[in-house]
Amino acid sequence: MALQGPQKTVVQLVGVVVLMGGLAWASVPFYDWFCRVTGFGGVTGVAEQGSDTVLDQTITVRFDASKERDMPWQFTPVEREMEIKIGETGLAFYEAYNPTARPVAGQASYNVTPYSAGAFFEKIACFCFEEQVLQPGERVEMPVTFFVDPEIVEDRDGKYVHTITLSYTFYEIDLPEGYAALETGDTAGAGTNTN
């Protein structure tokens, strides 16, 4: 029996809602993959080792830190900017401090500006690759190792970039299971901070 009138309309609307929900769900991983491959939106690359080529040309890298409104940590770059040769491996530190009386877990999101530099900014190691847990009153310096790919000087837009800003935003996440006991006062089985 074929659906008629209002029943057919309801079925069609439900089908559209399900289709749109599926597309929305699939768009997040697809967009993330697209940004990582192209550097779109200032997403950086990840490299296993430094560049084989170091140019005489230099570039300034600025460091920016922010946090979501409810994140209780203090979070700042140790050094506001550095000048490095293109292709040279740089090492910068960010400092985080937990002023609260409880352990707090955080995860950092990041990007670079201008966005055209994203495809050429390569991270070798970064605190942002894993979640961080700070104990009450704990202060840590967290490193990021990076380089600017020499191919930037051949890129149509990238060759005009003289300053890159690396920005991190920390947001609070749920404590890992090993740390949940600390909030209840039971220290058995609690892990240690891994940076």
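1. In this predicted model, five strands make up an open sheet with mixed pairing, and their order is S1-S7-S9-S5-S3. Strand S1 (45-46) and S3 are the edge strands, each of them pairing on one side only.

2. At the S3 edge, strand S3 (residues 74-77) pairs with strand S5 (residues 90-97) in the antiparallel sense, over four bridges. Threonine 76 has glutamate 95 of S5 as its bridge partner.

3. The side chains of S3 alternate: Phe75 and Pro77 are buried and point to one face, while Gln74 and Thr76 point to the other and are not buried. In a regular strand, side chains alternate between the two faces of the sheet.

4. S5 also pairs with strand S9 (residues 139-148), again in the antiparallel sense, here over eight bridges. Glutamate 95, the partner of threonine 76, stands opposite glutamate 141 in S9.

5. Strand S7 (residues 121-126) holds lysine 123. Lysine 123 is buried but has no salt bridge. The nearest side chain of opposite charge is that of glutamate 122, 10 Å away. The side chain of lysine 123 does make a polar contact of 3.0 Å with the side chain of tyrosine 168.

6. On confidence, the protein averages a pLDDT of 82, and 76% of the residues score at least 70. Two stretches should be read with this in mind. Over residues 26-42 pLDDT stays under 50, and the model has 17 contacts beyond four places in sequence for them. Over residues 186-195 pLDDT also stays under 50, with 22 such contacts in the model.

Technical notes: Residues numbered from 1 in each chain as written. Predicted model: local features only at pLDDT ≥ 70, side-chain atom pairs only at ≥ 80, totals over all residues. Heavy atoms only, no water. pLDDT = per-residue confidence, 0-100. Contact = heavy atoms within 4.5 Å. Buried < 20%, exposed > 50% of the residue type's maximum accessible area, 1.4 Å probe, protein only. Helix = DSSP H or I, 4+ residues; strand = E, 2+ residues; numbered from the N terminus. Pairing = 2+ DSSP bridges. Lys, Arg positive; Asp, Glu negative; His and termini not counted. Salt bridge = Lys/Arg side-chain N within 4 Å of Asp/Glu carboxyl O. Polar contact = N/O pair within 3.5 Å; in protein donor to acceptor, adjacent residues only side chain to side chain.
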